Amino acid sequence: MIDKEKVEAGVRLILEGIGEDVNREGLLETPDRIARMYEEIFGGMDMDAAEPLKKRFHASNNEMVVEKDITFYSTCEHHMLPFYGKAHVAYIPNGEVVGISKLARTVEIYARRLQIQEQLTAQVADALMEQLKPKGVMVMMEAEHMCMTMRGIKKPGSRTVTYVTRGIFNEDERLVNKFFQMVR
């Protein structure tokens, strides 16, 4: 749970630290706005990512299920700057499937935490493996990191791609290739 008072106090200190007047008209409500924004963008910290995956349906189809182009926004834990992009999630059911919106919801819950992309990718895959018990999972994420585009090396448009495989995707290169064909 976000402690609004601490966030507001911290924002005031940052504003003072960069030489701003915390009492000037444009900044008077900024600490409150930032605290409310943090409640929203870090809302995944208080959420159980397994919850959306609990309602499943029996299915005889054991072919690959892919949900691609899931837009996500996250915040880098190193610089507290946003990174954002698309997630592509696939799994091979083992007698049960989950509603497709639940895949996006799982991505969203993990993305709404201080995070690194590598960890985010693995967390989504591991949650699916643990909850759905599928034959395999593959997750790929492509993101632009503001810590690279607006500061530091300043390379706008560069994208970081991460992917993880679990289960049968580790054993069958044809499935991995099929996944890449489907998301491109």
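Which residue's side chain meets that of Arg112 in a salt bridge? It's Glu108, and the views below start from the whole span and come back to this pair.

**View 1. The annotated span in a predicted model.** This is a predicted model, where local features need pLDDT of at least 70, side-chain atom pairs count only at pLDDT 80 or more, and totals for chains, interfaces and linings use all residues. Residues are numbered from 1 along each chain as its sequence is written, and side-chain values use heavy atoms, with hydrogens and water left out. UniProt, in an unreviewed entry, lists residues 8-183 as "domain: GTP cyclohydrolase I"; such annotations may be inferred rather than shown by experiment. The span is 37% helix and 28% strand, counted as DSSP runs (helices H or I, at least four residues; strands E, at least two) numbered from the N terminus. Its end C-alpha atoms sit 42 Å apart.

**View 2. The Arg112 and Glu108 pair.** A salt bridge here is a side-chain nitrogen of Lys or Arg within 4 Å of a carboxyl oxygen of Asp or Glu, and that rule gives eleven of them. Arg112 and Glu108 meet at 2.5 Å, N to O. Arg112 is partly exposed at 25% relative accessibility, and Glu108 is partly exposed too, at 31% (buried means under 20% relative accessible area, exposed over 50%, partly exposed in between; 1.4 Å probe, protein chains only).

**View 3. A salt bridge along helix H1.** Glu8 and Arg12 pair up at 3.7 Å, N to O. They're four residues apart in H1 (residues 4-17), so about one helical turn separates them. Glu8 is buried at 16%, while Arg12 is partly exposed at 36%.

**View 4. Asp172 with Arg174, plus a network.** These two side chains form a salt bridge at 3.1 Å, N to O. Asp172 is buried at 16%, whereas Arg174 is exposed at 65%. Elsewhere, salt bridges with shared partners link Lys4, Asp32 and Arg36 into one network.

**View 5. The largest nonpolar core and another one.** A nonpolar core is a set of buried Ala, Val, Leu, Ile, Met, Phe, Trp, Tyr and Cys residues joined through side-chain atoms within 4.5 Å. The largest has 32 residues, and Phe72 and Val124 make the most contacts inside it. Elements supplying at least two residues each include strand S2 (65-76) and helix H4 (117-132); H4 gives the largest share, seven residues. Apart from this core lies another of ten residues, among them Ile92, Met138, Val176 and Phe179.

**View 6. Around Phe72.** Contact means heavy atoms within 4.5 Å. Leaving out residues up to four places away in sequence, Phe72 touches, among others, Phe83, Val107, Leu120 and Met141.
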